[in-house]
Amino acid sequence: PGGLKQPAHPRALLLAMSSTFTGHRPGALKQQNKAHKTGRHRSKTQVQEATSGRVNDVRPSGKKKAAQSREQRRQQSKQLRSHKRTAARLEQRAVGAGSAGPPQLVLLLDVCGNLANLQQLRDQILEQALLAGASGGGELAPADVAALCAQPLQRALGFRVTRLKRRFTLVACSCDDTLALLELAKVADTILLVQSATTAEAMAAASSSSS
């Protein structure tokens with residue numbers, strides 16, 4: 001009544017406005033981006049859409065586990081053989097190591113040229129290393145040790161010490177024989193220089209008196 005119009009509904013107003021306005025029209029200078037090229041493979045998005053988040057079962061089967069364990073056992077046995085071979089080679093190359101290794105060559109050299117000192121030192125080494133009783137765990141009886149000590153000084157004497165797990169060869173040489181001294185010094189593992197105290201004092205006295 002009274003000629004007043006009823007206000008339009010808000011949804012009707014929105015519909016009327018949308019019908020009057022046109023959408024966005026890109027101009028001629030709009031940037032055209034190239035589409036991403038995945039090559040011969042599918043993109044991650046395409047894979048996810050195709051699988052819907054599902055992944056393949058990567059758990060190894062029983063046969064694959066058995067094959068892997070066999071391979072691991074084979075590699076482990078190969079490493080053990082290599083370690084044993086290396087240890088045996090090192091033991092053989094070690095100087096005087098074990099019963100299978102080469103003996104350690106010990107050269108006794110008297111710098112004063114006194115062979116009696118070399119004989120005494122060699123006998124002491126043999127008695128301390130081989131004589132049973134005093135040091136414990138001896139190798140030979142006193143009679144056998146005495147027989148070794150009776151050998152000539154120029155002869156090489158080889159013996160084995162069980163408690164040290166080593167083999168030794170004693171060689172005595174005089175300073176007068178230069179060629180023999182040089183040859184023995186080249187192959188000797190240890191060189192013991194022997195000098196008598198009385199001889200050294202006599203030499204020192206002689207040098208002081210001459211000066």
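## Sheet, helices and a salt bridge

A search through the whole of this predicted model turns up three salt bridges.

Reader: Let's start there. Which residue forms a salt bridge with Arg74?
Author: Look in helix H3, residues 62–93, where Arg74 and its partner both lie. They sit three residues apart, about one turn of the helix. The closest N and O atoms are 2.8 Å apart, and the cut-off is 4 Å, so the pair counts as a salt bridge. The partner is Glu71.

Reader: On to the sheet. Which strands stand at its edges?
Author: It's an open sheet of four strands with mixed pairing, in the order E2-E3-E1-E4. Two of those strands have a single partner each, so one side of each is left without a neighbour in the sheet. Those edge strands are E2 (157–161) and E4 (190–194).

Reader: In what sense do E2 and E3 pair, parallel or antiparallel?
Author: In general, strands of a sheet pair through backbone hydrogen bonds, and either sense is possible. Here E2 meets E3 (residues 166–174) over five bridges, and Val161 stands opposite Arg166 in E3. The sense of the E2 and E3 pairing is antiparallel.

Reader: Which helix lies across E1, E2, E3 and E4?
Author: Take E2 as the reference: the helix runs at about 30° to that strand. The helix spans residues 115–130, and E1 covers 104–110. The name you want is H4.

Reader: How do H4 and H5 pack, roughly parallel or antiparallel?
Author: H5 is residues 142–149, and its axis is 10 Å from that of H4. The packing angle is about 155°. Angles over 145 degrees count as roughly antiparallel, so H4 to H5 is roughly antiparallel.

Reader: And how many residues in the contact of H4 with H5 are nonpolar?
Author: H4 brings Gln119, Arg122, Asp123, Leu126, Glu127 and Leu130, while H5 adds Val145, Leu148 and Cys149. Of these, one is polar and three are charged. The nonpolar count is five.

Methods: Residues numbered from 1 in each chain as written. Predicted model: local features only at pLDDT ≥ 70, side-chain atom pairs only at ≥ 80, totals over all residues. Heavy atoms only, no water. Pairing = 2+ DSSP bridges. Helix = DSSP H or I, 4+ residues; strand = E, 2+ residues; numbered from the N terminus. Contact = heavy atoms within 4.5 Å. Axes fitted to C-alpha atoms, helices over the stretch in contact; angles between N-to-C directions. Parallel < 35°, antiparallel > 145°, perpendicular 65-115°, else oblique. Nonpolar A, V, L, I, M, F, W, Y, C, P; charged D, E, K, R; others polar. Salt bridge = Lys/Arg side-chain N within 4 Å of Asp/Glu carboxyl O.
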